[in-house]
Amino acid sequence: MAEPRRASPPARVRVCVRLRPCSQGDPCIRGLDSRSLEIISWRNKKETLQYQFDSFYGDQATQHDIYAGSVQPVLCHLLEGQNASILAYGPTGAGKTHTMLGSPEQPGVIPRALRDVLQMTREASCSPGGDEWDYSVSMSYLEIYQEKATVPAGLPIREDRDRNILIPGLTERELGGFGDFERHFLPASRNRTVASTQLNDRSSRSHAVLLVRVARTQRAPPRRRRVAKLCLIDLAGSEDNRRTGNCGLRLKESGAINASLHVLSKVVDALNQGLPRVPYRDSKLTRLLQDSLGGSAHSVIIANVAPEQGFYFDTLSTLNFAAKSKQVVNRPFTQETLQAPGEAGPVWPHPSLPTAARKRPPEDPGAIAGLMVSSFSPPPSSLLPLEQLDPRLVQRLLGLEQLEKQQGGAGRRLPLLSTPRRERVALLRQLEETRSELQKLKERQKELEAAALLDKACQPKPLHHSKAPPRARKQAVVLPLQQGKGTQGPSPAHGGNGLGGVNGGGWGVDCWAGGPPAGGRSLPQPMSPLQGQAAGPGAENQAPGWELKLRPDLLARSRENLVALLNQGSAKELRALHRIGDKKARLILAWRQLHGPFSQVEDLQQVEGMTAKQVASFLKVSGGGAVLLGASQCQAGVGGRRWGAGEW
């Protein structure tokens, strides 16, 4: 019994460069060793740009060297159920078709790979234990011409539920030997669209794709089956229409080729940058290469370059594409399925396989006979040869039978297994949606509670609810609220004038009768008793009015302080003034050094850059608002309240 396969470790895309022999002039590129090369810098011809790849093949390398060094090592993964891909990339006339097809004397990658694949299947079937397996090899061939797969059918490219790329309607031929391959492939390759340009007599006008499918099926139950796909792709070369002389149909073909190659470069960039969306669907070519780049295949890119000076920029572009392609990482895995004896389906996944490689069970609940135990049938363990099954599968099967016995014996089915798959999926989806809605409602409730608490904390408390005396700010003295008794005013010791309330039920107002408090600020003066008696009911709800007055003596003193600061202050002290920045402070110091001290604040208008409007604004902020004298229009009434003097 074969050992269960697991997902292979990530495999980086292997990139090798092949240099075509130089036909004329001095070459612009040369190899340094078996992995490195250098090309002349287009900015400075005395400098070179160096590149390093997995392999480098010079102009003396043969077809066998390239195949044995880069292609043959990846073919062994096909029998393990893992995909492989060989891609030839480069400008037109660089030798891609020669590398992939070759000639009868020097066969290329495609005939050599098919010969080795057929040989591997024959050797595997003749090896010890090989009589337990059946091997089959089949092939399909198509070309992508002007963004259409296989002219003129225009076949679509689809993706199955296991994310495998397939082409519905594409003919597939079984291969019994290398003769069958030549009989099917040679006529198909001759029908490939080619045309003559100024750079190449037989320029490929389409991307040629050969798909080889290798299947390995176990003859005895549980009939394990491993299917692998080998993609051999000969890309059409990128073209510069200024040099090829394309026009008409050739120009249209060249535009389609360059567009698909540009999307291929975008796919590589997206994979290297880890973008969430990779533009595979922007082109038929990249859609077909979805397994090869960033997918589940062991990939090899053969970059063909030309050494002539006329191909310099095409060669440089090819090297840059190859350099970024070697950073792409694929994740191969073994595609193994299990089949019921004597039928093609249903197909069951091996428990050790990754999710992407597993076959889903069919939608018809009647086809699930392997897991759904009938009440009129014996246990499955008595029908299957347990000694030939995988131990993990046997353990799961016995566990299901034991669980069924615990739930009520053979006459009762398990609720989970007896439920049709569509209903089960619908119930699980509905449950998940309900949980998601509940989670959203809980989050919304938390947000509303937090917003309510924040609004409550930000709302100011009304003054009539405040029981504590207001805080004193700076040098102002605010007397606490006191309820007056009858018509008695505050004590003369407090410096206040008594104001009686109506019917003895009013509140007194404590104000200063003397001069202004320290700090040069004037506090509101109390209203007269007549004003207090004239107030009617409800006057306590009216807002206190203030009459603002300027103190001339303090205003003059403030201006003197400003003039002294302008004459003696440093740049740092000047910047502390309102509307005075670093630039204006330097201008004031320069003017003071040239013309002497300021006599008044208005002399700032003589400073360069200071307008009369700016000086007036400066005086309003710094000098004019030094002292304000306010008078409170307090009123007393029934149930009225006393307002303390505030700071201005």
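**Figure 1. An open sheet of three strands, seen in a predicted model.** The strands of this sheet follow the order S3-S4-S5, and their pairing is antiparallel. Strand S3 (29-31) and strand S5 (48-52) form the edges, each of them pairing on one side only. Neighbouring strands of the sheet are turned against each other by 20° on average, with direction ignored. Between strand S4 (residues 36-40) and S5 the antiparallel pairing runs over five bridges, and within this pair of strands serine 36 stands opposite glutamine 52 in S5. Helix H8 (residues 312-325) packs on the sheet and touches S3, S4 and S5, while the direction of H8 makes about 145° with that of S4.

**Figure 2. The largest nonpolar core and the surroundings of leucine 319.** This core has 44 residues, of which Val17, Leu37, Phe53, Leu235, Leu264 and Leu319 touch the most other members. Its largest share, five residues, is contributed by H8. Once its neighbours within four places in sequence are left aside, leucine 319 is in contact with Val17, Ile29, Leu37, Ile39, Tyr51, Phe53 and Val305. A second core, separate from this one, has 38 residues, among them Ile110, Leu114, Val117 and Leu232. As general background, nonpolar side chains in soluble globular proteins tend to be buried together.

**Figure 3. Helix H6 (residues 249-273) and the elements that cover it.** With 25 residues, H6 reaches 36 Å from its first C-alpha to its last, which is close to the 36 Å expected at 1.5 Å a residue. The buried residues of H6 include Glu253, Ala256, Ile257, Ser260, Leu261, Leu264, Val267 and Val268. In an α-helix there are 3.6 residues a turn, so residues three or four places apart point the same way. Among the elements covering the buried residues of H6 are strand S7 (83-89), strand S13 (203-204), strand S14 (207-218), helix H5 (241-244), helix H7 (284-288) and H8. After H6 comes glycine 274, whose phi is positive, near 70°.

**Figure 4. The loop between S14 and strand S15 (224-234), with a cis peptide bond at proline 222.** The peptide bond that leads from proline 221 to proline 222 is cis, and its omega is near 5°. Arginine 223 lies in this loop between S14 and S15, and its phi, near 55°, is a positive value in a residue other than glycine. With a relative accessible area of 26%, arginine 223 is partly exposed. For comparison, most residues other than glycine have a negative phi, and most peptide bonds are trans.

**Figure 5. Glutamate 147 in the loop between strand S8 (133-144) and strand S9 (158-159).** Phi of glutamate 147 is near 60°, which is a positive value in a residue other than glycine. At a relative accessibility of 28%, glutamate 147 counts as partly exposed.

**Figure 6. Two stretches of the predicted chain with pLDDT below 50, at residues 344-377 and residues 476-546.** For the protein chain the mean pLDDT is 74, and 70% of its residues reach 70 or more. Residues 344-377 have a pLDDT below 50, and beyond near neighbours in sequence this stretch has 69 contacts in the model. Over residues 476-546 the pLDDT likewise stays under 50, and the model has 114 contacts for them beyond four places in sequence. Where pLDDT is low, the predicted coordinates should not be read in detail.

Key:
Residues numbered from 1 in each chain as written. Predicted model: local features only at pLDDT ≥ 70, side-chain atom pairs only at ≥ 80, totals over all residues. Heavy atoms only, no water. Pairing = 2+ DSSP bridges. Helix = DSSP H or I, 4+ residues; strand = E, 2+ residues; numbered from the N terminus. Axes fitted to C-alpha atoms, helices over the stretch in contact; angles between N-to-C directions. Contact = heavy atoms within 4.5 Å. pLDDT = per-residue confidence, 0-100. Expected span 1.5 Å × (residues − 1). Buried < 20%, exposed > 50% of the residue type's maximum accessible area, 1.4 Å probe, protein only. Core = buried A, V, L, I, M, F, W, Y, C linked by side-chain atoms within 4.5 Å.
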